[in-house]
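This report walks through a two-chain model from its core outwards. Have the coordinates open while reading.

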Amino acid sequence: MQKMPKRYYAFFTLPTLIAFVVAFFIPLLLGIYLSFTTFTTVTNSRWAGVSNYVRAFSEDNNFINATIFTVKFAIVSVILINILAFGLALLLTRKMRGENGFRTVFFMPNLIGGIVLGYIWLLIINGILINFGVDITYSATYGFWGLVVLMNWQMVGYMMIIYIAGILAIPTEIIEAAKIDGASGWQTLKNITFPLVMPAITICTFLTLANSFKLFDQNLSLTAGAPGRESSMLALDIFNTFYGRNGYEGIGQAKAVIFFLFVALIVLLQLRFSRKSELES
Amino acid sequence: MKKSIRENIVYILVLFLAILFLSPIFIVFMNSFKGRFFISDTPFALPNAQTFVGLENYTSGIVKTGFLPALGYSLFITIFSVGTIVLFTSMTAWCITRVKSRLSSFIYYLLVFSMIVPFQMVMFTMSKMANILHLDNPIGIIVLYLGFGAGLSVFIFSGFIKTIPREIEEAATIDGCNPIQTFFLIVFPILRPIAITVAILNTMWIWNDYLLPYLTIGSNYKTIPIAVQYLQGGYGSKDMGAMMALLVLAIIPIVIFYLTSQKHIIKGVAAGAVKG
């Protein structure tokens, strides 16, 4: 069907488009506009040029600290999650008893929402730290590693599923041929499994990167930024800037635009990476 | 012989990891039966005669947060939003994939672009917009979820529709079906497997979503994540017992959902990741 009468085209697309324009498109354009103004509601904005963007950095160090914290967190999480997930995927593709049951167990935390996850780990981490007379709000380092552990618990099973799909897609003949040629387990892993699951590694790396960068619920419930705002990640810092004090809405919106550019950059990098690996294969 | 010893060691290692993975949930479950003052100090101790309080935490947690209405709102919002998203985005995806025009590709790229925009970018303006248009209630929020979720869902549906041969649809048109009949009688049944994927991805998102409902309907209608967060922030000295009970109550629906449709969930999530 190359053509469709206009009234049918409208019937199929308008419900989605109206909701999209109302819930996303107008708020997006309005949000970009408001980042250049001073406002407390959407109707009382006054043009302020780029001052919000300057003040996002100059007013206090919160935004810069949050950026550093987020980048560090993202790097550590991406590395740990992918190593653990890949390791588990290797263990669970050896035709072991109860493989499906194990997959079910490892994946389950991924379904539990961020707020609930945060409070589960708050109990456990504080339960350990109490033996040393402190709790998670004592230092941002505890908050950092708490978030890393939490994120691993949530994401490892998910990434494992993607790696398992990648490993199972390797033709068994190739592995068998390598065995016949006398390749050791490590050689097979390095020269066959790794290169052939490269697309899955790309997907998982960027998926964990994007999720780590955008983390909000877990951050709010586990540390709420404590002590002070030291363990605030970018999303939480933007939220606190918006709703913490009156008169900072414009700065919050400017921070949100910068945050959006960070995320867009990650996605663009991912597209380039996956295009490149598609061309090579 | 040597091989089987190695396999057994691997098996025990994986089993140990699996138990480690489940232990946080078990610890919360165990603490939900302990008195509120025994939880923070000794979370790893089993309940004993002194600390066991039966279902007291559950009753106080349910009463304090209004858990039952929260469960109702969460179920209502999730079920109807997911249904609406699956219906309308599949219609849109089919239309703009089959009708090749400038408008179609403009709509497609606009929707796909929305996937990369983080929620913080629009949270303030969206909640104001919802307020002005009176979408700040459990029915109106369905419109917001449709609008914000359209990108990913249309993207996944379009990818699938491109792989379906057109001949079946063309035959239906020749037989006198109009586009609406063609879509609902012929195309929609074919979309079933991918519709399940879309439904699962959106269920996971909407059921667990905190910030969007908190900013738009949170003061009048608490969903489960809002109720949990409310318990933390709302009281001077927080009631750890009620919190543990509420965490267990929040996890139960997810576990039921997971165990009844885990095959679809794992497949759907893997498929969604590869495309998203």
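Which residues have the most contacts inside the largest nonpolar core?

## The nonpolar core

They are A:Y163, B:L246 and B:L247. The model is predicted, and its largest nonpolar core has 152 residues. Helix α6 of chain B, residues 140-161, gives the largest share of this core, 15 residues. Domain 1 (2-59) and domain 2 (66-234) of chain B both contribute residues, so the core lies between them. In soluble globular proteins, nonpolar side chains tend to be buried together.

B:L246 deserves a separate look. Neighbours within four places in sequence are left aside here. B:L246 is then in contact with B:G61, B:T65 and B:F67. B:L246 also contacts B:A227, B:V228 and B:L231.

## Domains of chain B

Chain B is split into two domains. Domain 1 covers residues 2-59, and domain 2 covers residues 66-234. How far apart are the C-alpha centres of the two domains? The distance is 38 Å.

## A helix pair in chain B

Two packed helices are described by the angle between their axes and the distance between the axes. Helix α2 of chain B (residues 56-65) packs against helix α3 of chain B (residues 67-98). The angle is about 65°, and the axes are 6 Å apart. α2(B) and α3(B) are therefore roughly perpendicular to each other, since angles of 65 to 115 degrees count as such.

Which residues make this contact? From α2(B) come B:G61, B:I62 and B:T65. From α3(B) come B:F67, B:L68 and B:A70. The contact residues divide into four nonpolar and two polar, with no charged ones. Three of the names recur from the core section: B:G61, B:T65 and B:F67 are also in contact with B:L246.

## The interface between the chains

How many residues of chain A are in contact with chain B? The count is 73, and they meet 69 residues of chain B. Several helices of chain A each supply at least two residues to the side that touches chain B, including α1 (6-34), α6 (140-168) and α12 (249-280). The largest share of that side comes from α1(A), with 19 residues. By type, the side of chain A that touches chain B divides into 54 nonpolar, 12 polar and seven charged residues.

B:T92 gives a local view across the two chains. B:T92 is found in helix α3 of chain B. Is B:T92 buried or exposed? B:T92 is buried, because 26 other C-beta atoms lie within 10 Å, and 20 or more make a residue buried. Not counting residues up to four places away in sequence, B:T92 touches A:F12, A:T13 and A:T16 in chain A, plus B:V154 in chain B. B:F157 is 65 residues from B:T92 along the chain, with their C-alpha atoms separated by 9.1 Å.

## Chain A overall

Chain A has 12 helices and two strands. From the N terminus, the elements run α-β-β, and then the remaining helices follow. The C-alpha atoms fill a box of roughly 75 × 70 × 30 Å along the principal axes.

Of the 281 residues of chain A, 42% count as buried. Take contacts in chain A between residues at least 6 apart in sequence: 73% of them join residues at least 24 apart.

## Backbone exceptions

Most residues other than glycine have a negative phi, and most peptide bonds are trans. Where in chain A is A:A224 found? A:A224 is in the loop between α10 and α11 of chain A. Phi of A:A224 is near 50°, a positive value in a residue other than glycine. A:A224 counts as buried, because it has 20 C-beta neighbours inside 10 Å. A:P227 is also found in the loop between α10 and α11 of chain A. A cis peptide bond joins A:A226 and A:P227, with omega about 0°.

In chain B, B:H134 has a positive phi of about 55° although it is not a glycine. B:H134 lies in the loop between α5 (119-132) and α6 of chain B. B:H134 is exposed, because 9 other C-beta atoms lie within 10 Å, and 12 or fewer make a residue exposed.

## One more loop in chain A

A:E59 lies in the loop between α2 (51-58) and α3 (62-91) of chain A. A:E59 counts as partly exposed, because it has 13 C-beta neighbours inside 10 Å. A:E59 and A:A224 are 165 residues apart in sequence, and their C-alpha atoms are 21 Å apart in space.

Terms used:
Residues numbered from 1 in each chain as written. Chains lettered and ligands numbered in written order. Predicted model: local features only at pLDDT ≥ 70, side-chain atom pairs only at ≥ 80, totals over all residues. Domains from an automatic or database assignment. Contact = placed C-beta atoms within 7 Å. Helix = DSSP H or I, 4+ residues; strand = E, 2+ residues; numbered from the N terminus. Nonpolar A, V, L, I, M, F, W, Y, C, P; charged D, E, K, R; others polar. Axes fitted to C-alpha atoms, helices over the stretch in contact; angles between N-to-C directions. Parallel < 35°, antiparallel > 145°, perpendicular 65-115°, else oblique. Core = buried A, V, L, I, M, F, W, Y, C linked by C-beta atoms within 7 Å.
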